[in-house]
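Subject: Handing over the model

Hello,

Here is the structure I promised you. Please open it and keep it beside this email while you read.

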Amino acid sequence: MHKFTPETQLIADEIFEYALARMKMDPPELDAPLTFEELTVRAGATITEDGLGGSEALKLFGEVLAPTCISVDHPRFLSFIPNAPTEYATLFDLVVGASGLYGGSWLEASGAVFAENQALRWIADLAGMPETAGGVFVQGGTLGNLSALVAARDHLRRQLEGFARWAVVCSEESHSSIASAAKVMDVDVVKCEVDDYGRLTGASLDAAIEDYESKTNGRVFAVVATSGTTNLGIVDDLRSVGAVAKRRGIWFHVDGAYGGAGLAAPSVRHLFDGIEQADSFVVDPHKWLFAPFDACALIYREPGIAKRAHTQHASYLDTLQNEEAEWNPSDYAIHLSRRARGLPFWFSLAAHGTLKYTEAIEETLRIAKMGARLIDAHPNCELLLEPTLSIVAFRRIGWVAADYAAWSERLLKEQIAFVTPSSHQGEPILRFAIVNPRTTETDLAEILETL
Ligand SMILES: *Cc1c(COP(=O)(O)O)cnc(C)c1O
């Protein structure tokens, strides 16, 4: 198993051939899931004492398993937040896997960490963070948000004593991962009202803190503003939220897991004004920055605070904390061993340059706008609101939830597109989440024709 033999070479050829063929499909098959029973019949028991052999296992994957996995990079995968890695980023993922990299420490992977940090620096500069800012690529926005909030509470808990409870404030529209982080941390979540545009503002934050702290023996330690809500793409009023956070001495975290990529797009950059005040923020390159799963850029204004909260200490780790250790990525989040998961993103960014990223993001914004115009012109559809970023939310007039569900199922069954229903304030809606520059106006038009 651990020797590269002539037989390994044969399997290597088959694997490369498979991977390249998949990459060259334009578009790839959309595909659809099977039930457990169906998969049991088709795939059977795959783990055996003597093994299937490489060719057979690859064939099983390619012919039975892969076709049951919906292609997230399909231009008509418009559900949730899709994934649209650049070809270079996908290719370099193979290199990362083959390179025996341990991405947790400077001692073990200085060059990889150096490169990842330059990619983080690009993002930090887009946000206007100080030179001293820094962070780490973690698995996803969920872990990024949790790690930032843990650092935040640790920081405040060192300064303030005597509070029975701690709380984090966010808007009704914030991502489910904030509530999940609060549950893990056993802190309260205070949900703030949003303004007429669906945004969290400084005024409502102020009122929510006042209300919580007057009614409980608790203390708000952080506010999470969302810069691009997952459902509608709304960007909170970062400037006023940041100002209130600063005045009250609480941590200001910005969740830009989906929308943070908009920082690189001049046409929407102004929506993010105020992000430069953030104590921490996250952006998922696996969402709108064209990296493969999974990578979340987590950046702190003062990384020392995060380091104090997160560094693991043990006799067998002491050697990592020496003076030559410029930067240990494992010190900045809830993890230790880590894949150098920022490298595929770094490679593509280094190879193509940042301008290409700006162009690709602007292209998705343009297609989202075109989608909104198509909906305006549609006899049966109505825009929920003008898209802020690249999510187009709309309703099919006269439909109830069951109609939406049946339509969505049919669309996938007929391999036309993957568009799942969502809801807003209790009302079922549809949304096109567009992060793939290969999604065209024709794609959207053909989907809309089925409505
Ligand atoms: C997707 C998303 C998350 C969670 O990110 P994962 O990478 O899926 O863990 C958090 N916040 C927002 C706003 C998101 O869109």
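Below is what was found, place by place.

One thing before you start: this is a predicted model.

**The ligand**

Start with the ligand. How many residues surround the ligand? There are 15. The closest are Thr142, Thr230, Asp255, Asp284 and Lys287. Some polar contacts are worth finding on screen. The side chain of Thr142 has an N or O atom 2.7 Å from an oxygen atom of the ligand. Lys287 also takes part through its side chain, where an N or O atom is 3.0 Å from a ligand oxygen. Gly141 uses its backbone instead: an N or O atom there lies 2.8 Å from an oxygen atom of the ligand.

**The largest pocket**

Next, look for the largest pocket. The space in it comes to about 1,200 Å³. Its lining is made up of 38 residues. Closest to the centre of the pocket are Arg22, Met23, Asp73, Pro85 and Thr90. Four elements each give two or more residues to this lining: α1 (6-24), α3 (54-65), α4 (87-98) and α13 (354-376). Which of the elements gives the most? It is α1, with six residues. By class, the lining of the largest pocket holds 23 nonpolar, seven polar and eight charged residues.

**Two cavities**

Now for the enclosed spaces. The count is two cavities of 30 Å³ or more.

The largest cavity has a volume of about 60 Å³. Its lining consists of Thr311, Gln312, Leu317, Leu320, Gln321, Ser330, Asp331 and Leu336. Sorted by class, that lining has three nonpolar, four polar and one charged residues.

The second largest cavity has a volume of about 30 Å³. Trp122, Ile123, Leu126, Gly260, Ala261, Leu263, Ala264, Val283 and Leu289 line the second largest cavity. Helix α5 (residues 106-127) gives the most here, with three residues. The classes in this lining are eight nonpolar, one polar and no charged residues.

**Ser240**

Find Ser240 in helix α9 (residues 238-248). Is Ser240 buried, partly exposed or exposed? Its relative accessibility is 22%, so Ser240 counts as partly exposed. Buried would need a value under 20%. Set aside the neighbours within four places in sequence, and Ser240 is in contact with Thr201 and Gly202. The side chain of Ser240 reaches the backbone nitrogen of Gly202 at 2.8 Å. Try a distance on screen too. From Ser240 to Val268 is 28 residues in sequence and 18 Å in space, C-alpha to C-alpha.

**His378**

His378 sits in the loop between α13 and β8 (381-383). Why does His378 count as buried? Its relative accessibility is 14%, and buried means under 20%. Which residues does His378 touch, not counting those up to four places away in sequence? They are Leu448 and Leu451.

**Backbone points to check**

Last come some details of the backbone. Take the cis peptide bonds to begin with.

- Asp26 to Pro27: this peptide bond is cis, with omega near 0 degrees. Pro27 is placed in the loop between α1 and α2 (36-43).
- Phe293 to Asp294: a cis peptide bond joins these two, and omega is about -10 degrees. You will find Asp294 in the loop between α10 (285-288) and β7 (296-300).

Then look at phi.

- Asp31 is not a glycine, yet its phi is positive, at about 70 degrees. Asp31 belongs to the loop between α1 and α2. With a relative accessible area of 16%, Asp31 is buried.
- Phe80 is also a residue other than glycine, and its phi is positive, near 45 degrees. The place to look for Phe80 is the loop between α3 and α4.

**Where to begin**

A possible order for your own tour: open the ligand site at Thr142 and Lys287, whose side chains both have an N or O atom close to a ligand oxygen, at 2.7 Å and 3.0 Å. Go on to α1, which gives six residues to the lining of the largest pocket. Finish at the loop between α1 and α2, where you will meet Pro27 and Asp31.

Best wishes

Notes
Residues are numbered from 1 along each chain as its sequence is written. This is a predicted model: local features need pLDDT of at least 70, side-chain atom pairs count only at pLDDT 80 or more; totals for chains, interfaces and linings use all residues. Side-chain values use heavy atoms; hydrogens and water are left out. Buried means under 20% relative accessible area, exposed over 50%, partly exposed in between (1.4 Å probe, protein chains only). Contact means heavy atoms within 4.5 Å. A polar contact is a pair of N or O atoms within 3.5 Å; within protein, one must be able to donate a hydrogen and the other to accept it, and residues adjacent in sequence count only if both atoms are side-chain atoms. On a 1 Å grid over the protein atoms alone, a cavity is a set of points where a 1.4 Å probe fits but cannot get out, and a pocket is an open set with protein on both sides within 12 Å along at least five of seven lines; lining residues have an atom within 4 Å of a point. Grid points are joined across faces, edges and corners, and a volume is the space filled by probe spheres set on the points. Ala, Val, Leu, Ile, Met, Phe, Trp, Tyr, Cys and Pro count as nonpolar, Asp, Glu, Lys and Arg as charged, and the others, Gly among them, as polar. A residue is near a molecule or strand if one of its heavy atoms lies within 4 Å of it.
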